[in-house]
Amino acid sequence: MDCSFISRDDLQRMFEKLDKNQDGLVTLDELHWILEKLGWPEHTPDELELIVGKQSLDIDDFLRFYNDAVLDSKGTKKNTDEAIARAFSVFDVNGDGYISAEELRDVLGRLGFEEEARAWDCGRMIRVHDKNLDGFVDFEEFKNMILHV
């Protein structure tokens with residue numbers, strides 16, 4: 001699995017946090033909840049079932065869904081750019097065109113990584129990808145990070 005800008009370990013932790021009863025499955029209601037938290041509420045649980053073809057996802061299904069939803073399985077440049085823009089807008093909480101360390105910390109918290117967001121140095125994470133050294137990650141820097149350019 002590619003998993004691009006969120007590591008497989010982070011996705012595994014997200015999956016485990018979503019899996020409330022710890023049965024190794026995430027229900028479509030739980031998946032819908034995280035999509036709403038990410039600002040992507042366009043699919044109901046019933047529509048998600050039509051997309052994924054089942055009532056719940058194991059970790060491999062979850063990773064596949066993530067890759068398809070975020071990275072766009074069609075692979076066309078237009079669709080990939082749209083998916084990246086949508087992902088960027090999740091992290092650009094205030095809509096100013098930049099991702100700050102505070103916004104990154106906020107999104108990590110919304111994703112259920114409150115403890116990790118406090119422990120991780122979000123400023124350092126931003127600096128790693130901040131190529132123009134302005135203290136923020138802009139769309140092009142975000143896109144380069146995702147595409148590993």
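Phe139 is partly exposed, with 24% relative accessible area. The model is a predicted one. Phe88, by contrast, is buried, at 6% relative accessibility. Its value falls under 20%, so Phe88 meets the cut-off for a buried residue.

Five aromatic pairs occur in the structure. Phe88 and Phe139 make up one of them. The arrangement is edge-to-face, with 90 degrees between the planes. The centres of the two rings lie 5.5 Å apart. This pair joins distant parts of the chain. Phe88 belongs to helix 5, which covers residues 77-91. Phe139 belongs to helix 9, residues 139-147. The two residues are 51 residues apart.

Tyr98 and Phe136 form a tilted pair. The ring centres are 5.8 Å apart and the planes meet at 55 degrees. The angle is neither under 30 nor over 60 degrees, so the pair counts as tilted. Distant parts of the chain are linked here too, across 38 residues. Tyr98 lies in strand 3 (residues 98-99). Phe136 lies in the loop between helix 8 (122-129) and strand 4 (137-138). Both residues are partly exposed: Tyr98 has a relative accessibility of 35%, and Phe136 has a relative accessible area of 32%.

Phe88 and Phe139 also belong to an aromatic cluster. Phe91 and Phe142 complete this group of residues.

A charged group also sits over an aromatic ring. The ring is that of Trp33, and the charged end is that of Lys20. The distance from the charged end to the ring centre is 5.8 Å.

Methods:
Residues are numbered from 1 along each chain as its sequence is written. This is a predicted model: local features need pLDDT of at least 70, side-chain atom pairs count only at pLDDT 80 or more; totals for chains, interfaces and linings use all residues. Side-chain values use heavy atoms; hydrogens and water are left out. Rings of Phe, Tyr and Trp (its six-membered ring) pair if their centres lie within 6.5 Å; planes under 30 degrees apart count as stacked, over 60 as edge-to-face and the rest as tilted. Helices (H or I, at least four residues) and strands (E, at least two) are DSSP runs, numbered from the N terminus. Buried means under 20% relative accessible area, exposed over 50%, partly exposed in between (1.4 Å probe, protein chains only). A charge sits over a ring if NZ of Lys or CZ of Arg is within 6 Å of the ring centre and within 35 degrees of the ring normal.
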